[in-house]
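Hi everyone, thanks for coming. Today I'd like to walk you through the empty and filled spaces of one protein model, so have a look at it with me.

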Amino acid sequence: MTAPLGIIGAGAIGSTLARLAVAAGFDVIVSNSRGPQTLTELVSELGPRARAATVTEVAREADVVIAAIPLIAHTELPADELAGKVVIDTTNYYPQRDGQIDTLDDQTSTASELVQAHLADSHVVKAFNNITFASLGNGARPAGSPERSTLPIAGESTNAKQRATEVLDTLGYDALDTGGLADSWRSEPGTPIYCDPYMPAWPTESLTTDELLAWLLAAPVIPLSAQSADELITRAVRGPAGGYFPETQ
Ligand SMILES: NC(=O)c1ccc[n+]([C@@H]2O[C@H](COP(=O)([O-])OP(=O)(O)OC[C@H]3O[C@@H](n4cnc5c(N)ncnc54)[C@H](OP(=O)(O)O)[C@@H]3O)[C@@H](O)[C@H]2O)c1
């Protein structure tokens, strides 16, 4: 890929993906809500393949853009600049953070369908939403490695899903196409493939946030095969939206 990979949102997931991307040889442009001047530390850590820009500049300059922002912020994504582009959507619906969203609560829509509706002229692919940032960062492996994991993707455009699959492949993951965005609840909070399969059981003892973070970052990653991923997706049953809320999310 010659165009840089764009990342909107430079928190836990965005910065983890930026690290994986530069390690894999991508040029990366990162952005957040507060402006590029707040990203100097991250860019310095990422090295010469990375730079920071405004959200609008990222949307304009990259042709694949990862949106790693809270779902509630999706309406601020610049639809005009993102028109025609592949947007990889990492969002999950957490009412505790995002507030109640009626069409998700009544299950007439999915988080990524909302993102696609806002970005009507973009090609939204849901991905990276069902793994913690810690497992994501620690679990990347080259193609063919016995420790390689599979992540589900969903979207309406076959070409966009192919492009997303290439990005996942380069970053260190196999992609499993799970269908369209209407079915993307199958990888959302509370479903069998959500976070847990890639990690040991959550600690049962009471931990502070810092202790839990340290535990997450040190936890070994359990590889998930495409077959196992498919089985987990297939046996998902739709429950209350945002029904699962570990302290770290
Ligand atoms: N954390 C995980 O392990 C995990 C795993 C899978 C999926 N997810 C999902 O991925 C998304 C991101 O999660 P996260 O944990 O990375 O969140 P986070 O650590 O809170 O980071 C959120 C990032 O989004 C940026 N942002 C917020 N509003 C924005 C806007 N309007 N325009 C541009 N950037 C904006 C923030 O920038 P500022 O700091 O400048 O406001 C920040 O860089 C969420 O939907 C989450 O549910 C998270």
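Before we start, a word on names: helices and strands here are DSSP runs, with at least four residues for a helix and at least two for a strand, and they are numbered from the N terminus. Please also keep in mind that this is a predicted model.

Let's begin with the enclosed space. How many cavities of 30 Å³ or more does the structure hold? There is one, and the largest cavity contains about 30 Å³ of space. Which strand gives the largest share of its lining? That is strand S7, residues 149-155, which supplies three residues. Among the residues lining this cavity you can find Pro152, Ile153 and Ala154, and also Lys126, Asn129, Asp183 and Arg186. Sorted by class, the cavity lining has three nonpolar, four polar and three charged residues.

Now for the open spaces. The largest pocket has about 690 Å³ of space, and this is the space taken by the ligand. Its lining is made of 30 residues, and those nearest the centre of the pocket are Gly11, Ala68, Ile69, Pro70 and Arg97. Helix H1, residues 12-23, provides the largest share of that lining, with three residues. Going by class, 15 of the lining residues are nonpolar, twelve are polar and three are charged.

So who are the ligand's neighbours? The ligand is surrounded by 26 residues, and Ala10, Ile13, Ser33, Arg34 and Glu76 are the closest. This shell divides into 13 nonpolar, ten polar and three charged residues.

Let's zoom in on some atoms. Where does the backbone come in? At alanine 10, a backbone N or O atom sits 2.8 Å from an oxygen atom of the ligand. Isoleucine 13 has a polar backbone atom that is also 2.8 Å from a ligand oxygen atom. Threonine 90 uses its side chain instead: a polar atom there lies 3.0 Å from an oxygen atom of the ligand. And how much of the ligand does the protein bury? On its own the ligand exposes 900 Å², and the protein buries 83% of that.

One more stop before we finish. The second largest pocket has a volume of about 170 Å³. It is lined by 18 residues, and if you look for its centre, the nearest ones are Pro189, Gly239, Pro240, Ala241 and Gly242. Its lining splits into eight nonpolar, eight polar and two charged residues.

If you take one picture home, let it be the ligand in the largest pocket, with 83% of its exposed area buried by the protein. Thanks for listening!

Methods
Residues numbered from 1 in each chain as written. Predicted model: local features only at pLDDT ≥ 70, side-chain atom pairs only at ≥ 80, totals over all residues. Heavy atoms only, no water. Near = heavy atom within 4 Å. Polar contact = N/O pair within 3.5 Å; in protein donor to acceptor, adjacent residues only side chain to side chain. Areas by Shrake-Rupley, 256 points an atom, 1.4 Å probe, with all protein chains shown as cover. 1 Å grid on protein atoms, 1.4 Å probe; cavity = no way out; pocket = protein on both sides within 12 Å on 5 of 7 lines; lining within 4 Å. Sits in = over half its atoms within 2 Å of the grid points. Nonpolar A, V, L, I, M, F, W, Y, C, P; charged D, E, K, R; others polar. Points joined across faces, edges and corners; volume = space filled by probe spheres on them.
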